[in-house]
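User: Hey, I'm new to this one. Can you walk me through it?
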Amino acid sequence: MFNLSDILKKQTFTDEEIVYLLGLTDPQDCQKLKEEAYRRTTENTGNKVYYRGLIECSNICTANCRYCGIRKDNHNVKRYLMDKEDIVGQALWAADNGYGSICLQAGERHDEKFISFIEECLIEIHEKTVSEKLPDGLGITLSLGEQPIEVYERWAKASGNRRNLRYLARFETSNRELFDMLHSGKGNNEKVLDNRFRCLQNLRECGYQVGTGVMIGIPGQTLEDLCADIRMFQKLDVDMIGMGPYLMSEEADLVSLGQMENDKLFQLSLNMIAVCRLVLGNINIAAATALQVLHPEGRELGIEYGCNVIMPNLSPTKFRKGYQLYDFKPGLKDDPFTFGVRLESRINSRGREVGWNDSGSSKKWLMRSI
Ligand code: SF4
């Protein structure tokens, strides 16, 4: 029999305790978990929430992940690649408006044209955003899939600033059977879990702050699987996590498996955030936009449960409909300025402040690099 108050005082946790915390459903128990996660977030990372302005550069993808609405074999999506001027323009807007960092996200491509295109964008963003406010230029997070180490190195060099450089490559689940089920789509860019782990190691070698994450509530996933995911985060010694609920997409290839009931999925997602905070301490944890699909204050509750990063969407609105990884993605029409102001007051209402003009490197990474 577990005693919640005693477990929440601990610094290290057994697998059984992690599974117990993940499975909490009683509102009073969840409240206690939330309060402890919030307290430890303040203790480990401070009181600030950092913005990463999200720029969805392109929805062209060579992969066929079965859960994804923009997988290669979905021919109902109109494909786009933003112009360099648009990407750099949005990055400059972010820098001018106090965002310390941005995230460039796109489907996975391995062709030289795309690799050098990203390189050129990075060079220009760095050149144009070094200022008194941002002496190292805008912080950059890349989320561009699995790439050879040479490509990671080229992009790191092009960024001009390895102190504020991050890469997010989620492994989605550490359960090999589930991973294979999610990625068994046909095509010549099939996914192997070990390759994903190798990419994360290569990113570390190139000097990136390493981010990964999983999907929560995949059909067939157990609490023990999520516990194993947390152990994998520990083993990989990650600097940041971006994870969210598994949401079905009508445009994906897994509709027949359905989706966990919303309230249950939402609480499980929040519990996973809180337990990651308890176990992993001073990493950055992003409040996924997907939380907002399940609850109108999903991201704010994510902050209460231990998140310290939010990714407002800066993509021009004309492209947003084309970047729907899952159904009912919110914010298709939000204009960045109004949204940013509204978001700040919602963050303040949770007792946090926005870390304006600060790229918000993870404390874990800062301590590692001293
Ligand atoms: S999850 Fe990423 S790599 Fe997989 S199909 Fe979607 S965009 Fe492509």
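User: How do the residues of the shell around the ligand divide by class?
Analyst: That shell has six nonpolar residues, one polar and one charged. Ala, Val, Leu, Ile, Met, Phe, Trp, Tyr, Cys and Pro count as nonpolar, Asp, Glu, Lys and Arg as charged, and the others, Gly among them, as polar. Keep in mind that this is a predicted model, where local features need pLDDT of at least 70, side-chain atom pairs count only at pLDDT 80 or more, and totals for chains, interfaces and linings use all residues. Residues are numbered from 1 along each chain as its sequence is written, and side-chain values use heavy atoms, with hydrogens and water left out.
User: Which residues surround the ligand?
Analyst: Cys61, Ala63, Cys65, Tyr67, Cys68, Ile70, Arg71 and Gly107 do. A residue is near a molecule if one of its heavy atoms lies within 4 Å of it.
User: OK, helices. At what angle do α4 and α5 pack?
Analyst: α4 (residues 84-96) and α5 (residues 112-129) pack at about 35°, and their axes are 10 Å apart. Axes are lines fitted to C-alpha atoms, for helices over the stretch in contact, and angles run from 0 to 180 degrees between N-to-C directions. Helices (H or I, at least four residues) and strands (E, at least two) are DSSP runs, numbered from the N terminus.
User: Which residues of α4 and α5 meet there?
Analyst: On α4 they are Lys84, Ile87, Val88, Ala91, Leu92 and Ala95, and on α5 they are Phe117, Glu120, Cys121, Glu124, Ile125, Lys128 and Thr129; contact means heavy atoms within 4.5 Å. Eight residues of this contact are nonpolar, one is polar and four are charged.
User: What about α9 and α10, how far apart are their axes?
Analyst: They are 11 Å apart, at an angle of about 35°. Among the residues in contact are Leu223 of α9 and Leu268 of α10. That contact divides into ten nonpolar, one polar and two charged residues.
User: Switching to pockets: how much space lies in the second largest one?
Analyst: About 160 Å³. Leu223 and Leu268 turn up again here, among the lining residues closest to the centre of that pocket. α10 gives the most to the lining, with four residues. On a 1 Å grid over the protein atoms alone, a pocket is an open set with protein on both sides within 12 Å along at least five of seven lines, a cavity is a set of points where a 1.4 Å probe fits but cannot get out, and lining residues have an atom within 4 Å of a point. Grid points are joined across faces, edges and corners, and a volume is the space filled by probe spheres set on the points.
User: And how many cavities of 30 Å³ or more does the structure hold?
Analyst: Four. The second largest has a volume of about 130 Å³, and β7 (240-245) and β8 (284-287) each supply at least two residues of its lining.
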